[in-house]
Amino acid sequence: QVQLVESGGGLVQAGGSLTLSCAASGGRFGSSVMGWFRQAPGKERDIVAAVNWNGVTAYYADSVKGRFTISRDNAKNTVDLQMNSLKPEDTAVYYCASKGSTYNNPSFYRSPMDYEYWGQGTQVTVSA
């Protein structure tokens with residue numbers, strides 16, 4: 001059983017930065033695709049970014065390309081999402097997710113249905 005715990009959310013002004021962290025325990029973190037999703041009120045849960053097992057290959061949603069960076073540390077079982085130039089439309093609950101036992105390109109896994117384990121979410125609010 002994999003457990004994921006997010007941290008780092010909060011309130012920030014537009015143009016500011018935040019870094020979200022996800023700590024994983026259990027399972028085989030080093031052979032998983034890790035993803036960050038977000039869900040705004042009344043909207044579906046959408047992919048933000050995902051990273052492959054060794055951190056070399058990443059996928060980004062068009063809306064965050066050039067502003068967000070996903071990274072992982074397999075020695076610490078953590079995955080981070082560095083968010084820069086934040087906009088009010090980035091406001092959402094952000095979730096960390098794990099897709100186990102795969103060495104595939106993370107772009108293959110863009111649907112919430114592709115992921116087996118989820119964190120509880122962390123709120124990010126960007127004020128105008």
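Tutor: A nonpolar core is a set of buried Ala, Val, Leu, Ile, Met, Phe, Trp, Tyr and Cys residues joined through side-chain atoms within 4.5 Å, where buried means under 20% relative accessible area, exposed means over 50% and partly exposed lies in between, with a 1.4 Å probe and protein chains only. The model is predicted, and local features need pLDDT of at least 70, side-chain atom pairs count only at pLDDT 80 or more, and totals for chains, interfaces and linings use all residues. Residues are numbered from 1 along each chain as its sequence is written, and side-chain values use heavy atoms, with hydrogens and water left out.

Student: Which residues have the most contacts inside the largest nonpolar core?

Tutor: They are Trp36, Leu81, Met83 and Tyr94, in a core of 28 residues. Two or more residues of this core come from each of strand 3 (18-25), strand 4 (33-39), strand 5 (46-51), strand 7 (68-73), strand 8 (78-83), strand 9 (92-99) and strand 11 (122-127), and strand 3 gives the largest share, 4 residues. A second, separate core has 8 residues, including Val33, Phe37, Tyr59 and Tyr109.

Student: What is Met83 in contact with, leaving aside its neighbours within four places in sequence?

Tutor: Taking contact to mean heavy atoms within 4.5 Å, Met83 touches Gly16, Ser17, Leu18, Leu20, Arg67, Phe68, Tyr94 and Val124.

Student: How do you know what counts as a strand, and how many strands and helices are there in the protein chain?

Tutor: Strands (E, at least two residues) and helices (H or I, at least four) are DSSP runs, numbered from the N terminus; by that definition the protein chain has 11 strands and 0 helices.

Student: What makes Asp90 and Arg38 a salt bridge?

Tutor: The definition asks for a side-chain nitrogen of Lys or Arg within 4 Å of a carboxyl oxygen of Asp or Glu; the N to O distance between Arg38 and Asp90 is 2.9 Å, so the pair meets it. Asp90 belongs to the loop between strand 8 and strand 9 while Arg38 belongs to strand 4, so this salt bridge ties together parts 52 residues apart in sequence. Asp90 and Arg38 are both buried.

Student: Which residue forms a salt bridge with Arg67, and where does each of the two lie?

Tutor: The partner of Arg67 is Asp90, with the closest N and O atoms 2.8 Å apart. Arg67 is in the loop between strand 6 (58-60) and strand 7, and Asp90 in the loop between strand 8 and strand 9, which places these linked parts 23 residues apart. Arg67, like Asp90, is buried.

Student: Why is the pair of Lys99 and Glu116 called a salt bridge?

Tutor: The N to O distance between Lys99 and Glu116 is 3.8 Å, and the limit is 4 Å, so the name applies. Lys99 sits in strand 9 and Glu116 in the loop between strand 9 and strand 10 (117-118), so the pair ties together parts 17 residues apart in sequence. Shared partners join the salt bridges of Arg38, Arg67 and Asp90 into one network.

Student: Why is Glu116 called partly exposed?

Tutor: Its relative accessibility is 44%, and this value falls in between the limits for buried and exposed, so Glu116 counts as partly exposed.

Student: How do you know that Cys22 and Cys96 form a disulfide?

Tutor: A disulfide is a pair of cysteine sulfur atoms within 2.5 Å, and the sulfur atoms of Cys22 and Cys96 are 2.1 Å apart, so the pair qualifies. The torsion about their S-S bond is about -75°, so the disulfide is left-handed. Cys22 in strand 3 and Cys96 in strand 9 are 74 residues apart, and the bond links these distant parts of the chain. Cys22 and Cys96 are both buried.

Student: In which sense does strand 11 pair with strand 2, and in which with strand 9?

Tutor: Two strands pair if DSSP finds at least two bridges between them. Strand 2 (residues 10-13) pairs with strand 11 in the parallel sense over 4 bridges, with Leu11 having Thr125 as its bridge partner, whereas strand 9 and strand 11 are antiparallel over 3 bridges, and here Tyr94 stands opposite Thr122. Side chains alternate along strand 11, where Thr122, Val124 and Val126 point to one face and are buried, while Gln123, Thr125 and Ser127 point to the other and are not.

Student: How do you know whether the radius of gyration agrees or disagrees with a compact globule?

Tutor: The radius of gyration is taken over C-alpha atoms, and the globule rule is 2.2 Å times the number of residues to the power 0.38. For 128 residues a compact globule would have a value near 14 Å, and the protein chain has 13 Å, which agrees.
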